[in-house]
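Reader: I should be grateful for a close look at a single part of this model. Please take one element, and set out how it is placed among its neighbours.

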Amino acid sequence: MSIQSKKRKKITIHDIKNRKSKDPIVMITAYDALFAKLFDEGVDIILVGDSLNMSFNAQKDTLSINLDQMIYHTKAVCNGAKSSLIVLDMPFGSYTTKKQALKNATKVYKECEADAIKIEGGCERAHIIKTLTSNSIAVMGHIGLMPQFVRSDGGYKVRGKDETDIKKLIQDAKAIEEAGAFCIVVEGVKAEATKAITNSVSIPTIGIGAGRDVDGQVLVWSDMFGFFEEFKPKFVKQYLNGSKLIKDALDQYIHEVKSKKFPNDEYIY
Ligand code: KIV
């Protein structure tokens with residue numbers, strides 16, 4: 001059976017933590033209720049990723065989205081998805097100090113029903129994660145290639161290419177675990193490095209462009225279903241040619257309106 005057919009029980013932080021080295025965790029992004037409802041039939045985690053600024057809002061990177069916009073989309077996702085664990089991606093600039101991070105994460109918990117938040121950064125952000133987790137906010141970490149660093153890093157760079165960087169990534173993962181995060185996204189990392197990262201922590205790792213040695217995988221929905229045509233990273237498997245399906249159907253609609261084939265008697269009161 002490809003997706004769950006029965007009504008599922010709500011997936012909790014505890015369930016995800018317990019999936020280390022077990023049944024792989026399936027995570028996908030969603031930005032609205034319509035798709036969240038579809039994905040909720042089978043995935044474990046829905047991430048309201050700040051990638052929506054690029055795929056949904058046609059911006060060149062994720063940096064300009066703000067917290068109110070993330071909360072708006074998360075509310076929509078929560079309206080559509082009732083059983084998956086829902087994670088809000090904290091936008092760039094919303095967690096630069098402990099005080100600001102706690103204020104903003106508290107706002108998230110108060111204004112929408114997200115189960116957790118996601119924060120990019122390793123050792124340098126551990127003190128912030130610690131503040132949040134010790135104030136009852138569930139945190140998903142994110143290390144490796146971190147899209148919010150695109151301007152300061154001068155581009156999107158694959159990580160874990162040498163011993164020094166692998167050591168740094170392992171330190172990052174350990175610091176995040178120590179700070180109380182319940183799992184870690186590992187993005188854009190050489191497959192050899194991913195194995196060492198996954199083995200270094202007792203919380204699950206969820207990979208994107210990080211190979212197979214993880215406890216789960218995540219993809220951005222508009223990439224994997226072929227709706228985002230601007231750029232296709234090597235790690236994205238396209239499960240559907242969504243753009244072509246829509247364009248073909250749209251052509252048919254245009255043709256039928258112009259030729260007055262639509263609406264025929266079937267669609268008239
Ligand atoms: O914003 C996003 O969609 C993400 C995933 C790529 C993990 O952070």
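Author: A term is needed at the outset: a crossing is left-handed if the near helix is turned anticlockwise from the far one by less than a right angle, and right-handed if clockwise. The model discussed here is a predicted one. In it, helix 5 passes helix 6 in a right-handed crossing. On the side of helix 5, the contact is made by Lys-98, Ala-101, Leu-102 and Ala-105; helix 6 contributes His-127, Ile-128, Thr-131 and Leu-132. The axes of helix 5 and helix 6 are 9 Å apart, and the two pack at an angle of about 40°. Because angles that are neither under 35 degrees, nor over 145, nor from 65 to 115 count as oblique, helix 5 is oblique to helix 6.

Helix 5 itself comprises 14 residues, 98–111. At 1.5 Å a residue, these should span 20 Å, and the end C-alpha atoms are indeed 20 Å apart, so the expected and the modelled spans agree.

The two sides of this helix may now be considered. Ala-101, Asn-104, Ala-105 and Val-108 are the buried residues of helix 5. Around the axis they cover an arc of only 100°, which puts them on the same side of helix 5. An α-helix has 3.6 residues a turn, so residues three or four places apart point the same way. On the other side of helix 5, three lysines are exposed, namely Lys-99, Lys-103 and Lys-110.

What lies over the buried side? The cover of the buried residues of helix 5 includes two helices, helix 4 (67–80) and helix 6 (126–133), as well as two strands, strand 3 (85–89) and strand 4 (116–120). Ala-101 and Ala-105 are thus buried residues of helix 5 that also take part in the contact with helix 6.

Helix 9 may be set beside this account. Its residues are 191–200, and those buried are Ala-193, Thr-194, Ile-197, Thr-198 and Ser-200. Seen down the axis of helix 9, they fall within an arc of 160°, so they line one face of the helix. Glu-192 and Asn-199 are exposed on the other side of helix 9. The elements that cover its buried residues include helix 8 (163–178), together with strand 5 (139–144), strand 6 (183–187) and strand 7 (205–208).

Definitions and conventions: Residues numbered from 1 in each chain as written. Predicted model: local features only at pLDDT ≥ 70, side-chain atom pairs only at ≥ 80, totals over all residues. Heavy atoms only, no water. Helix = DSSP H or I, 4+ residues; strand = E, 2+ residues; numbered from the N terminus. Expected span 1.5 Å × (residues − 1). Buried < 20%, exposed > 50% of the residue type's maximum accessible area, 1.4 Å probe, protein only. Arc of directions from axis to C-beta. Contact = heavy atoms within 4.5 Å. Axes fitted to C-alpha atoms, helices over the stretch in contact; angles between N-to-C directions.
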